[in-house]
Amino acid sequence: MKSKKVIVAGATGMLGSQIVKELLAQGADVTAMVRASSNRAMLTRMGVKNFVIGDMMDAPSLKQAISPAHQFDVIVASAAGYTRRAKGDGPVTDTVGYQNLVDASKAAGIPRFVLISILESDKARSVPHFYNKYRIEQYLKEKGQPYIALRPGAFLDQTPDFILPKITKGILPTFLTGTYGIIYTPQLAKYTALAAVNLPDSVLNTSIDVGWDRPVNEKILQAAFERVLNKKIAVKPVMPPFVVNYVLPVIGRFSKKVKDMYEMIRWIDTGVYISKNTQRQKELFGALPGVEESVAQYCRNNGLI
Ligand SMILES: NC(=O)c1ccc[n+]([C@@H]2O[C@H](COP(=O)([O-])OP(=O)(O)OC[C@H]3O[C@@H](n4cnc5c(N)ncnc54)[C@H](OP(=O)(O)O)[C@@H]3O)[C@@H](O)[C@H]2O)c1
């Protein structure tokens with residue numbers, strides 16, 4: 001059977017690069033969409049041979065990158081502006097940039113757009129970088145671009161360079177204070193690759209929650225790390241409660257970025273950031289990963305066990 005031609009936007013990112021790896025493992029014919037300034041070294045080492053230059057803030061560049069001549073079967077979008085990797089990145093990429101990407105995909109007649117969205121993004125009106133995902137889901141619908149939106153919760157391994165050294169020292173750094181849905185990025189990368197090349201067309205035009213078999217909080221994660229590593233783990237908030245409750249709201253009056261982060265922590269604290277439909281994930285991707293099993297996978301992958 002002919003390999004599916006998949007273009008990945010955000011291929012150099014933390015998640016995007018893992019999606020590329022999974023797609024290659026599934027036998028897909030992968031093209032990485034990168035910016036002129038992107039560092040492609042890791043993708044080249046992985047064996048990616050096809051690159052196109054496309055900047056989501058430069059619509060004409062997308063016309064070229066995604067042109068019908070490439071005959072892509074799928075576009076996967078894992079790019080993000082709010083993570084601010086380059087000068088000029090910001091929420092505008094997650095709104096205007098994503099609209100440009102959808103428009104170019106629709107114009108090229110790509111039959112499937114796989115979006116990395118966010119769990120319960122439709123309810124997160126107060127959290128711009130969450131709600132922007134819902135806006136793009138709506139935009140895909142409006143434009144009649146066939147899509148699958150995967151909605152993960154928080155990433156266990158977000159900012160890997162920060163978390164790993166702490167865990168190694170027996171400290172679990174916590175950023176969120178409530179109970180929330182969670183996923184480990186290699187698991188999400190696998191689901192994304194499956195959504196791109198394996199799920200039937202009957203799944204198109206839906207949003208699917210993806211995560212572990214139950215939500216977590218710091219105590220659940222602490223217990224799982226203690227069992228897996230067989231040692232005491234201390235929970236240490238990245239920011240003391242005083243900073244979260246009193247300092248962030250003040251700085252947030254002057255900084256949209258800080259306000260977004262503060263509103264996210266507050267919103268997650270209300271307990272809404274959890275999957276309401278784990279059954280759908282089970283039907284499409286099989287048994288949901290368990291907490292301890294996932295923490296063990298993380299520890300194994302990082303040489304901790
Ligand atoms: N972190 C979480 O807990 C969490 C939870 C749920 C969902 N998500 C979603 O997961 C996705 C992946 O996150 P991540 O942490 O892997 O992101 P990341 O590492 O910050 O990567 C962002 C990617 O977007 C690309 N990009 C940025 N602006 C672009 C533009 N104008 N044109 C083309 N490409 C552009 C970057 O390319 P360069 O290499 O050129 O910079 C990079 O490849 C995001 O959509 C995020 O919203 C994250």
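**Figure 1. Surroundings of the ligand in the predicted model.** In this predicted model, 27 residues surround the ligand, and Thr12, Leu15, Ser38, Thr83 and Lys133 come nearest among them. Three contacts to ligand oxygen atoms are shown in detail. The backbone of Leu15 places a polar atom 2.8 Å from an oxygen atom of the ligand. Arg85 contributes through its side chain, a polar atom of which lies 2.9 Å from a ligand oxygen atom. In Phe155, a backbone N or O atom is found 3.0 Å from an oxygen atom of the ligand. The view thus includes polar backbone atoms of Leu15 and Phe155, together with a polar side-chain atom of Arg85.

**Figure 2. The largest cavity and its lining.** One cavity of 30 Å³ or more is present in the structure. The volume of the largest cavity is about 40 Å³. Its lining consists of Tyr82, Asp94, Tyr98, His129, Asn132, Lys133 and Ile136. Two helices, α4 (91–108) and α5 (128–143), each provide at least two residues of this lining. Helix α5 makes the greatest contribution, with four residues. Sorted by class, the lining comprises three nonpolar, two polar and two charged residues. Lys133, one of the lining residues of the largest cavity, is also listed among the residues that come nearest to the ligand. Rolling a probe the size of a water molecule over the atoms shows where empty space is left.

**Figure 3. A network of salt bridges around Lys123.** The structure contains 12 salt bridges. A network of these interactions links Glu120, Asp122, Lys123, Glu137, Arg151 and Lys276. Within this group, the side chain of Lys123 meets that of Glu120 in a salt bridge with an N to O distance of 2.9 Å. Lys123 also forms a salt bridge with Asp122, for which the closest N and O atoms are 3.6 Å apart. The three residues are described here by their accessibility. Glu120 is buried, because its relative accessibility is 3% and the limit for burial is under 20%. Asp122 has a relative accessible area of 29% and is partly exposed. Lys123 is likewise classed as partly exposed, at 46% relative accessibility.

**Figure 4. The salt bridge between Lys232 and Glu226.** The closest N and O atoms of Lys232 and Glu226 are separated by 3.9 Å, and the two residues form a salt bridge. This pair satisfies the criterion because the nitrogen and carboxyl oxygen need only lie within 4 Å of each other. Lys232 has a relative accessible area of 70%; this residue is therefore exposed, the threshold being over 50%.

**Figure 5. Gln187 in helix α7 and its contact with Trp212.** Gln187 belongs to helix α7, which spans residues 185–197. With a relative accessible area of 7%, Gln187 is buried. The side chain of Gln187 is joined to that of Trp212 by a polar contact of 2.9 Å.

**Figure 6. Two loop residues with positive phi angles.** Most residues other than glycine have a negative phi. Gln71, although not a glycine, has a positive phi of about 55°. This residue is located in the loop that connects α3 (59–65) and β4 (74–77). Gln71 is exposed, since its relative accessibility of 61% lies over 50%. Asn205, which is not a glycine either, has a positive phi of about 65°. The position of Asn205 is in the loop between α7 and β10 (206–210). At a relative accessible area of 43%, Asn205 is partly exposed.

**Figure 7. Thr174 in strand β8.** Strand β8 covers residues 171–174 and includes Thr174. Thr174 is buried, as shown by a relative accessible area of 6%. Ile163 is displayed for reference: the C-alpha atoms of Thr174 and Ile163 are 9.2 Å apart, and the two residues are separated by 11 residues along the chain.

How values were computed. Residues numbered from 1 in each chain as written. Predicted model: local features only at pLDDT ≥ 70, side-chain atom pairs only at ≥ 80, totals over all residues. Heavy atoms only, no water. Buried < 20%, exposed > 50% of the residue type's maximum accessible area, 1.4 Å probe, protein only. 1 Å grid on protein atoms, 1.4 Å probe; cavity = no way out; pocket = protein on both sides within 12 Å on 5 of 7 lines; lining within 4 Å. Points joined across faces, edges and corners; volume = space filled by probe spheres on them. Nonpolar A, V, L, I, M, F, W, Y, C, P; charged D, E, K, R; others polar. Near = heavy atom within 4 Å. Polar contact = N/O pair within 3.5 Å; in protein donor to acceptor, adjacent residues only side chain to side chain.
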